[in-house]
Every structure is written in C-alpha cells, then in structure tokens.
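I opened this entry to record what I looked up in one chain, beginning with the overall picture and going on to particular residues.

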Amino acid sequence: MEEKQYSSWKIIKRLLSYYSKKKHLLLFSCTLIFLSTITEISSPIILSNFINNILKNRIVKIESIIFLTIYFITLQLLSSLFNYLYSIYFSKISTDIVQELRIKMVEIALKQPMKIFDQKPISSIVTKITSDTESIKEFYEVIVSSFIKSFILFSIILTTMFILEWRMALISSIIVPIIIIIITTHQYYSKPIIKKIKYSLSKLNNTISEIINGIAIIQQFNQEKNFIKKIKIINNINYSNNMKMLKIDGLLLRPLLNLISSIILSVIILIIKLFPTEIIKISILHTFINYLRYLNEPIVVIANQQSLLQQAIVSSERIFRFIDSPIQIYGKYTDPLKSGKIKLHNICFSYPNTKKTILKNININIPDKSCIALVGKTGSGKTTLSNLILGHYPTTSGILYIDDKPINSLSNETLRKNISIVQQDPTILYDNLIKNVSLNRNITREKVIQALHQSQLKELIDTLPNGYMSILGQGGNNLSQGQKQLIGIARILVSNPKILIFDEATASIDSESEQKIQKILSSIRKKSTVIIIAHRLSTIIDSDLIIVLDHGKIVEKGNHNQLLQKKGLYHTMYTYQNNNNSL
Ligand SMILES: Nc1ncnc2c1ncn2[C@@H]1O[C@H](COP(=O)(O)OP(=O)(O)O)[C@@H](O)[C@H]1O
Ligand SMILES: [Mg+2]
C-alpha cells in the first residue's frame with residue numbers, strides 16, 4: 001500500500017483551513033492585534049514630538065509633561081487591554097478547533113477496523129488524542145497569533161518609517177533581506193538539531209513508559225542499574241543537543257540582528273553628517289532608533305518558534321494520517337436477523353498487508369441454533385475464522401452469508417447486536433457489577449440481575465461488600481479469571497444474540513468455572529447458534545458438528561463419533577489429550 005505524502009506546507013494549509021468556520025472571530029481578533037500594535041508603537045512618535053518641542057522652544061512646560069504622562073499611561077493601558085482581549089479570543093478559537101478535532105478523532109477511533117490494532121498499540125491512539133492535539137493547540141494559540149502580530153507590527157513600523165523619512169527608511173529596509181538570510185541560516189543549522197531533540201525526547205518517553213510498565217520484570221531480573229544507565233545516556237544526548245540549540249540561538253540570532261541594526265544606525269548618522277542637519281530631525285532619529293529594535297523583534301519571535309512549529313507539524317501529520325486512515329465500511333441492512341444461520345462459501349483469507357493465506361477454501365454450513373466446534377493446533381486459523389464471522393475483516397475471496405445475507409450487506413449495528421463473542425480475557429471496567437454487564441446499553445436492571453443469575457454469578461455477588469453495586473477493580477484485579485469470564489457471558493445473555501462465539505473461553509479457568517460455563521452453554525444452545533473454539537476436546541464432545549482445521553484448511557468434519565472412527569487428526573488429538581489427562 002502506498003503511503004500518502006504529507007509535506008509541511010500542505011499540513012500548514014490544512015491546519016489553517018480549520019479557521020474557515022471561524023472567519024469572523026479571527027477577523028475580530030486580528031483587528032484587536034492591529035489596535036494593540038498601533039497603541040504600542042505610537043509612544044515613540046509622541047515622545048519624539050515632545051523632544052522636538054523642547055528643542056524648538058528650549059523650555060519644558062509642566063502642562064505638556066502632565067499631558068505626556070496621561071497620554072503614555074492611557075496608551076499603555078489600551079495596549080494591554082487589546083493584548084489581553086486578543087489572546088483570549090485566540091485561545092477561544094484554538095480551544096474550539098482542538099475540541100472539535102478531538103471529538104472527531106474519538107469518533108474515528110471507535111470506527112477503526114480491528115486490523116489497525118494489529119500494527120499499532122492502543123496507547124499510540126491515546127497519545128494522538130491527548131498530547132498531539134495539545135501541540136496543535138499551540139500552533140493556533142501561539143504560532144499563528146504571534147505570526148499575525150509580527151506581520152502587522154512589521155508592516156506598520158516599516159510604513160511609518162517611510163512616512164516619517166523615506167530616505168532613512170530606505171536605508172533601514174536593507175535590514176529585511178539581511179534578516180531573511182540570517183533566519184534561513186539559522187533554520188539550516190537548527191532544523192537537524194530540533195529533529196534530534198524531538199527524537200531523543202520521544203526515546204526518553206518510550207524508555208520511561210517501558211520501565212514503568214515492566215517494573216515487575218525489571219526488579220525480578222535485577223535490571224534496575226542497566227535501565228538507569230540507559231536513561232542517563234539518552235538524557236545526556238538530549239542535554240548536549242539542547243546546549244547546541246542554545247548556542248545557535250545565542251550566537252546567531254539576537255546578537256547578529258542587534259549588530260546589523262547598529263550598523264544601519266551608524267550609516268544613517270553618517271548620512272546626517274553629509275547632509276544639512278535640518279533635513280533630518282533629531283526626533284525622527286529617536287523614533288528610528290526605537291523602530292529598528294521593533295523591526296528585529298518579530299523576527300526573533302518567529303525564529304524562536306521554529307521548534308514549536310516543527311512539533312506541531314509532526315503532531316499534525318500523525319493526526320491527519322489517523323483521520324485519513326480507512327474506516328471499516330459496513331452494509332446498510334439494519335433490521336434484526338431472523339436466524340443464526342451461517343454459510344461460508346469458498347472462503348479464502350489473508351490479513352491485510354500480508355502475503356500468507358491463513359484460510360483456504362473454507363466451506364461450512366451452519367444451521368440455525370446448532371452447536372459447532374472449531375478445533376485444531378495453535379495457529380491453524382480458528383480465531384481468524386471467528387473474526388470473519390464477527391465481520392472484523394472482509395474476506396479476501398468467497399462469500400460469507402449470515403441469515404442468508406452476504407455479511408458485507410449487514411450494518412455494524414446488526415452485526416454487533418446479533419453476533420457476540422466471549423473472549424479469553426474480557427475487559428472489566430472500573431465500575432459496579434450492574435454497569436459492567438449493561439455497558440451503558442438500554443437494559444433494565446432486572447434483566448441484568450437475571451443474566452447475572454443465569455451466569456452462575458450468585459456466589460460472587462453474595463461475597464461482594466455491596467452486592468450488585470460493588471465496584472470492580474481496574475481491569476478486574478479482584479476477580480478470578482473464571483469470574484471475569486462469567487461476567488463476559490452475562491453481558492451477552494442480556495442481548496440474546498443469534499450467534500455466539502466462545503473463543504478458548506475455558507482455556508485458562510478452573511474446573512469449577514468451566515463446569516458453570518458448560519451449564520450455561522447447554523441452555524444457550526436452545527436459543528442461539530453457538531460456535532465453540534476449544535483446546536480441551538472434552539468440552540466439545542456433544543457438539544452437532546466438529547470442524548478440524550490444519551494450516552488454514554478443513555481437514556475433517558463430522559460429529560465426535562464419526563471423527564473418532566476416521567482415525568485422523570481429531571482421533572490423534574483426542575487420544576493424546578485423553579492419555580495425558582489420565583496420567
Ligand atoms: N492480526 C494478524 N495479522 C497477521 N497475521 C495474523 C494476525 N492474527 C493471526 N495471524 C496469523 O494467522 C494465523 C492463524 O492465527 P489464529 O487464527 O489466531 O490461530 P488459532 O486461533 O487457530 O490459534 C497464524 O499464523 C497467525 O500468525
Ligand atoms: Mg486463537
């Protein structure tokens with residue numbers, strides 16, 4: 001599959017396109033920036049007029065000092081007010097955009113095809129939604145706003161300079177190409193270092209989370225020192241890169257710009273010497289000295305934000321890749337299914353982006369309300385087959401019918417309501433027992449309690465401090481594997497699915513829980529089609545049909561007695577297990 005290219009420029013354009021819904025607010029904020037800039041830079045002009053007056057009249061009037069003071073204070077206050085307002089509005093716009101982005105990402109995460117989790121850890125999606133969006137927020141809140149501010153400041157200053165004294169302005173504008181050269185040089189040297197800093201930082205994060213997650217193993221194998229050493233090394237790399245960056249900023253940026261401003265100033269003064277003094281007033285010279293400093297400022301700000309911008313681009317690329325990733329496409333059929341009939345017709349299957357054919361020419365007819373067992377060695381394709389019946393992956397070739405309808409015509413809703421699976425390790429939420437079973441579905445409390453009883457959980461409920469309302473630990477820490485399994489079954493019993501799959505549901509539980517599950521199974525079999533994937537063959541002896549898979553092919557088919565008589569793979573597996581059990 002070809003990877004989509006995301007250039008930095010395209011990413012920035014796409015980020016800016018999110019402003020389209022907020023045009024008016026953005027325009028209003030820009031006006032505020034404009035006002036704040038005007039108020040900020042008018043002080044030097046007023047001051048230079050004041051100097052002019054003193055020079056002309058050679059007296060300092062007390063009124064004009066009072067006037068000047070009031071004027072200054074008012075300007076400062078106004079400037080701060082506009083500054084405050086525009087930061088608030090920019091913040092509001094960026095929070096809105098990021099909020100919208102986050103909701104969209106959660107929606108997309110919920111629609112991800114299961115295959116996404118084959119290649120990426122779930123935590124990578126969590127990072128995208130939480131921290132990557134945060135650095136995008138910085139883009140809108142800090143980078144865009146200061147870019148606009150810098151642009152406005154730069155234009156106003158340059159225009160004012162030309163209005164005041166065009167010859168001096170012309171000389172001063174030499175600074176523009178020089179600044180561009182300095183910035184480009186700065187970028188040239190800083191970009192690789194910024195990249196290195198980002199890389200070492202993410203490596204540091206990964207190592208730390210690896211350590212926290214694996215704390216038990218690290219302690220058990222006495223690896224504390226090695227991990228500390230690893231962290232120290234990464235830390236040192238990070239430190240030296242940061243120092244390099246500081247040096248580049250410290251040497252290249254501000255001192256160089258200041259130096260150039262001074263040179264330009266000297267040239268201006270030299271010109272004053274050459275021309276008659278009345279042409280250029282001292283007051284204007286004062287304004288220019290001030291403005292040259294202002295002219296540097298936006299550039300320094302923008303250059304300093306390079307690393308923020310790089311980070312935002314990297315984060316955005318991750319987010320856009322995620323948003324653009326294909327979501328599972330389902331059919332339109334939304335009615336409930338009439339039966340749990342399944343037909344697999346010449347099914348072949350390979351996992352996306354892999355070459356190996358996992359299932360080869362599978363043909364099975366499963367009548368409604370029958371009980372089927374899938375057996376075979378580890379890796380023979382049993383779970384894969386159940387994934388196809390659940391609709392988690394589309395088949396590579398062949399057609400899978402559920403209730404006589406091709407599975408790709410069924411909506412996600414119909415699939416989920418009618419086909420359920422009991423996994424080996426059901427996720428237990430940090431919530432009470434009732435909520436853990438109802439999972440926010442529209443199910444009455446009575447029905448949940450009935451399902452809990454049906455799932456043989458009465459004993460557990462009696463031992464819990466608050467009965468049904470007891471909070472279960474994170475991930476079900478305070479439950480046994482068998483109890484978790486039974487809760488998983490209760491979740492399914494409340495919704496009466498037409499098809500039920502047990503994937504090694506009894507593989508890692510105690511024999512008491514297993515017996516309970518067998519009991520529940522015999523009652524479910526009367527109402528639903530049941531598919532059991534089991535390692536222990538003793539649990540599937542009375543299935544209507546047993547299918548033996550080997551390397552993705554059906555090698556045997558029939559009921560227990562028929563398969564034993566065949567003396568094939570099933571017979572070998574069964575006698576092997578029987579002998580081992582009786583040892
Ligand atoms: N998500 C996946 N992506 C690629 N290959 C997979 C994936 N899941 C399983 N496989 C491969 O498919 C084969 C069958 O696996 P599986 O259906 O889990 O076997 P079983 O459940 O019978 O033990 C194995 O070779 C396994 O490596
Ligand atoms: Mg499996």
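**Overall picture**

I began by counting secondary structure in this predicted model, and I found 20 helices and ten strands in the chain. I then looked up the radius of gyration, which is 36 Å for the chain, whereas a compact globule of 583 residues would have a value near 25 Å. Along the principal axes, I noted that the C-alpha trace spans about 120 × 50 × 45 Å.

I next asked what share of the 583 residues is buried. The buried residues make up 45% of them. For the contacts with a separation of 6 or more, I recorded that 78% are made by residues 24 or more positions apart. The chain exposes about 32,200 Å², and I noted that carbon and sulfur atoms supply 61% of that area.

**Charges and salt bridges**

I counted 68 positive and 39 negative side chains, and the centres of these two sets lie 5 Å apart. Side chains of opposite charge can pair when their charged atoms come close, and I therefore went through the pairs in turn. The count comes to 18 salt bridges.

The pair I looked up at the start was Lys-149 with Glu-40, which form a salt bridge whose closest N and O atoms are 3.2 Å apart. Lys-149 lies in helix α5 (residues 122-164) and Glu-40 in helix α2 (residues 23-57), so this pair ties together parts that are 109 residues apart in sequence. Is Lys-149 buried or exposed? I noted Lys-149 as buried because its relative accessible area is 14%, under the 20% limit, while Glu-40, at 23% relative accessibility, counts as partly exposed.

I then turned to Lys-405 and Asp-403, which also form a salt bridge, with 3.0 Å between the closest N and O atoms. I recorded Lys-405 as buried with a relative accessible area of 17%, and Asp-403 likewise counts as buried, at 7% relative accessibility.

Another entry concerns Arg-525 and Asp-544, whose side chains meet in a salt bridge at 3.6 Å, N to O. Arg-525 lies in the loop between α18 (511-524) and β8 (529-533), and Asp-544 lies in the loop between β8 and β9 (545-550), so the pair ties together parts that are 19 residues apart in sequence. I noted that Arg-525 is partly exposed, with a relative accessible area of 22%, and that Asp-544 counts as partly exposed at 43% relative accessibility. I also found that salt bridges sharing partners join Lys-22, Lys-92 and Asp-96 into one network.

**Surroundings of Arg-525**

I stayed with Arg-525 and asked which residues Arg-525 touches, not counting residues up to four places away in sequence. They are Lys-369, Cys-371, Val-530, Asp-542, Ser-543 and Asp-544, and the last of these is the salt-bridge partner noted above. I also looked up the separation from Tyr-570, which is 45 residues from Arg-525 in sequence and 23 Å from Arg-525 in space, C-alpha to C-alpha.

**Backbone angles**

Most residues other than glycine have a negative phi, and I therefore wrote down two residues that depart from this pattern. Asn-222 has a positive phi near 60°, and the place of Asn-222 is in the loop between α8 (215-220) and α9 (224-274). I recorded Asn-222 as exposed, with a relative accessible area of 61%.

Asp-404 has a positive phi of about 65° although it is not a glycine, and I located Asp-404 in the loop between β4 (397-402) and β5 (405-406). With a relative accessible area of 51%, Asp-404 is exposed, whereas I had noted Asp-403 as buried and Lys-405 as buried.

**A buried loop residue**

I closed with Leu-479, which lies in the loop between α16 (458-463) and α17 (481-493). Although it is a loop residue, I noted that Leu-479 is buried, with a relative accessible area of 10%. Which residues is Leu-479 in contact with, leaving aside neighbours within four places in sequence? I listed Ile-428, Leu-460, Leu-472, Lys-484 and Ile-487. I also looked up Pro-336, which is 143 residues from Leu-479 along the chain, and the C-alpha atoms of the two are separated by 34 Å.

Notes
Residues numbered from 1 in each chain as written. Chains lettered and ligands numbered in written order. Predicted model: local features only at pLDDT ≥ 70, side-chain atom pairs only at ≥ 80, totals over all residues. Heavy atoms only, no water. Helix = DSSP H or I, 4+ residues; strand = E, 2+ residues; numbered from the N terminus. Rg over C-alpha atoms; globule rule 2.2 N^0.38 Å. Buried < 20%, exposed > 50% of the residue type's maximum accessible area, 1.4 Å probe, protein only. Contact = heavy atoms within 4.5 Å. Areas by Shrake-Rupley, 256 points an atom, 1.4 Å probe, with all protein chains shown as cover. Lys, Arg positive; Asp, Glu negative; His and termini not counted. Charge placed at Lys NZ, Arg CZ, Asp CG, Glu CD. Salt bridge = Lys/Arg side-chain N within 4 Å of Asp/Glu carboxyl O.
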